[in-house]
Amino acid sequence: MVDNMQAIFTADDYGFHYPDSRGKFGPYGGKYVPETLIPALEELEEIHATAMQDTGFQDELNLLLETYVGRPTPLTHARRLTEHFGGPEIYLKREDLAHTGAHKINNALGQALMVKRILGKNRVVAETGAGQHGVATATACALLDMECVVYMGSVDMARQAPNVFRMQLLGAEVREVSSGSQTLKDAISEAIRDWVTNVPDTHYLLGSALGPHPYPVMVRNLQSVIGREARRQMLDPSTGPGRLPDVVVACVGGGSNAIGMFYPFLMDPGVRLMGVEAGGRGIESHEHASRFADPKLGRLGVLHGTRSYVLQDEDGQIALTHSISAGLDYASVGPEHALLRDRKRAEYFYCTDEQALAGFELLCRQEGIIPALESAHAVGWLPELMSEVSPDDLVLVSLSGRGDKDLDTVMAELPLGD
Amino acid sequence: MNGNDPMTGVERIRSAIAKRQGDATAAFMPYFPTGFPSRSESVAMMRSMADAGADLFEIGFPFSDPLADGPTIQAATHRALLNGMTTRDGLDIAKELREAGITQPFCAMSYYNPIFNYGIDRFIEDAAQAGFDGFIIPDLPPDEGEEMEEACREAGLALVYFLAPSSSRQRIELVTSRSTGFVYLVSVLGTTGARASLPDYLTDLVAQVRADTDTPVCVGFGVSNGEQAAQVASIADGAIVGSALVKAAEGPDGADAVKSLARELARGAHGH
């Protein structure tokens, strides 16, 4: 059985309710968009609220999550990884085993079903960085018989070629974006431009917990199935250790797998929530995507409709980011993460390219799991976590996706056969 | 702007538009990006447009992620950034134009992040000093504009909000009640860029907006030649042209092409 989405609304006694009616997470969030898009956002707010209350919709989505996506995804006790560190027991939430190979499908399917069922829109545009969200969107559109256009930066198309082909196989049109940095941020800009132009019949299926209200809350709600399942699986002695984790770790690009994992644990004060950003070539190099870790480039700003931490130069131009992982290579971070950080409810760290590759290799060898380079950031950061935890602790890691798509990148970086 | 000018920026904008108001006439408002094709050429082109009949100016500040702009302005502002243009440069250019004797009202067109990063109060203060009369910020709807509005009110400068073909009755009421200087009516769904013809619904759309407000209504996005400017003049109070001028500036005889297109647009808007 897939956990019911209603639960997150009744059980939230964490002490505050965000976002507020204007889409603000404290000082973050909002809707900084051209006026043309405001009616579409208002409409989306309405259908999101309707969908959350509509048991018919919930049942339909849950059935698809169960019978099509393969939820609930397992919780794996990572015994050899635990042994390797000689510290706390480590558990992996296996979003890599969801259909299409990453958590992205939870959101893509939810949004597509929502707009198809309630709005009757039949055309979807999406952006993609690593290609996982693009593949998930193309998949949802094939399933629900919707037209699908995916915008992807040229740089990302080159480093994620298999996913480009996958999207095309699934019937999506992949449009190359060669402006700006030719990565995720430019793909988002281009998807928004398409949306502005075709808004009456087009839905923008944003893939992370960012962008203008209501996207951050809508994506969080759709992704929180990750944390709800994981929490239940941890508590249930037949699927996990029979108690809550002490630490939850997730990688943070835009932050959708992290917020989906964190949200159901927000009201468990004993659970430390830790997000891991992409440290690229190191913070001092300024070639990274660590919005919280670089005091020079990472400041409060507005990008793609939301107010949050943004990597930018001294003149307020958005900085070029770097990460070995296309899915974390983005200059801003979901507004709710910024709030959780301010409230000290979640802590944020970073993992460099090199550490992520080490994490990638480690998980392959110790557990027989090839992780996505995004998820490898959560694993690659574990050595640093070890100094902060005791051997009695339980650590839950969000394994947000599988690494097949990254083999070319990794092959170029990791020497094998020695 | 002028130290001895008792009018506020809002009043200067309103007055420049009022001068052209008529059944078949409207103000002509060119948009041009600072720093394109180069810093000095952008200044020269704006000066030539002032001579060619521009009634007020929309002076563009470049941004790395201009999501409301089509390919023409994206490429031009990207070039401006490569030329090293900063927010400070945009302010200085306005000052130079004032010093060169250009008296038409200036609106700064910038995305929100560079302004936010510069500091809202400081930006408005420096912009006022540089000779700006108002601001056009495509990613700042009234829902998020309170802070900027308050600072503008104190400085007497205009904060222009947008309406679009997708705008509901409620949005029209909200925007017309909050926009100062004029209302920027986007003629089409989409981004900036020259288009072959203006949409048929435009007359009705302008009438709907006008029914709600005394604030002038200026039409932009897709206006690219004298004929279209004349069409806009017959229904609205101002015609805003950007991409077509930027395109004209791209050629080898950019300065001449800009000047002659500006003349054509001014004639169209001014009804002769």
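A salt bridge is counted here where a side-chain nitrogen of Lys or Arg lies within 4 Å of a carboxyl oxygen of Asp or Glu. In this structure, which is a predicted model, the side chains of Asp246(A) and Arg243(A) form such a bridge, with 3.1 Å from N to O, and Arg243(A) is partly exposed at 33% relative accessibility. Elsewhere in chain A, salt bridges that share partners link Arg123(A), Glu147(A), Glu173(A), Arg175(A) and Asp194(A) into one network. Over all chains the count by this rule comes to 39 salt bridges.

From these pairs the reader can turn to the division of chain A, which is split into domain 1, made of 26-68 + 104-219, and domain 2, made of 70-101 + 224-413. The centres of the two domains, taken over C-alpha atoms, are separated by 22 Å, and the contact between them draws 40 residues from domain 1 of chain A and 40 residues from domain 2 of chain A. About 3,300 Å² is buried between these domains, with carbon and sulfur atoms giving 57% of that area. On the side of domain 1 of chain A, the residues Tyr28(A), Tyr32(A) and Arg159(A) supply 22% of the area buried against domain 2, more than any other three residues. The rule finds 0 salt bridges across this interface of the two domains, while 16 residue pairs are in polar contact there, both residues of each pair being at pLDDT 80 or more. Several elements of chain A each supply at least two residues to the side of domain 1 that touches domain 2, among them strand S2 (28-29), helix H3 (55-69) and helix H9 (184-198), and the largest share, 5 residues, comes from H9(A).

Another meeting place is the one between the chains. Chain B and chain A bury about 2,900 Å² between them, and 49% of this lies on carbon and sulfur atoms; the contact takes 37 residues from each of two sides, chain B and chain A. Across this interface the rule finds 4 salt bridges, and it also finds 19 residue pairs in polar contact, again with both residues at pLDDT 80 or more. The elements of chain B that give two or more residues to the side touching chain A include helix H3 (71-82), helix H5 (112-118) and helix H8 (169-178), and H5(B) gives the most, with 5 residues.

Individual pairs show how charged side chains meet across this boundary. Lys24(A) and Glu144(B) form a salt bridge at 2.5 Å from N to O, and because Lys24(A) lies in strand S1 (residues 24-25) of chain A while Glu144(B) lies in the loop between strand S4 (134-136) and H7 of chain B, this pair joins two chains. Lys24(A) is buried, with a relative accessible area of 12%, and Glu144(B) is buried too, at 8%. Arg171(B) forms a salt bridge with Glu42(A), with the closest N and O atoms 3.8 Å apart, and this pair also crosses between chains, running from helix H8 of chain B to helix H2 (residues 38-53) of chain A. Here the two partners differ in their surroundings, for Arg171(B) is buried at 3% relative accessible area, whereas Glu42(A) counts as partly exposed at 28%. The side chains of Lys185(A) and Asp65(B) meet in a salt bridge as well, at 2.9 Å from N to O.

The nonpolar interior comes next. The largest nonpolar core has 165 residues, and those with the most contacts inside it are Phe132(B), Phe135(B), Met148(B) and Phe182(B). Since domain 1 and domain 2 of chain A both give residues to this core, it lies between them. Apart from it lies another core, of 34 residues, including Val219(A), Met261(A), Phe265(A) and Leu394(A). Leaving aside neighbours within four places in sequence, Phe182(B) is in contact with residues including Ile13(B), Tyr161(B) and Thr215(B).

The backbone oxygen of Phe182(B) also leads to Ser179(B), as it lies 2.7 Å from a polar atom of that residue's side chain. Ser179(B) sits in the loop between H8 and strand S7 (183-186) of chain B, and at 5% relative accessibility it counts as buried. A polar atom of the Ser179(B) side chain lies 2.9 Å from the backbone nitrogen of Tyr161(B). Thr215(B) is 36 residues away from Ser179(B) along the chain, yet their C-alpha atoms are separated by 7.9 Å.

Notes: Residues numbered from 1 in each chain as written. Chains lettered and ligands numbered in written order. Predicted model: local features only at pLDDT ≥ 70, side-chain atom pairs only at ≥ 80, totals over all residues. Heavy atoms only, no water. Core = buried A, V, L, I, M, F, W, Y, C linked by side-chain atoms within 4.5 Å. Buried < 20%, exposed > 50% of the residue type's maximum accessible area, 1.4 Å probe, protein only. Domains from an automatic or database assignment. Contact = heavy atoms within 4.5 Å. Buried area = accessible area lost by both parts, 1.4 Å probe. Polar contact = N/O pair within 3.5 Å; in protein donor to acceptor, adjacent residues only side chain to side chain. Helix = DSSP H or I, 4+ residues; strand = E, 2+ residues; numbered from the N terminus.
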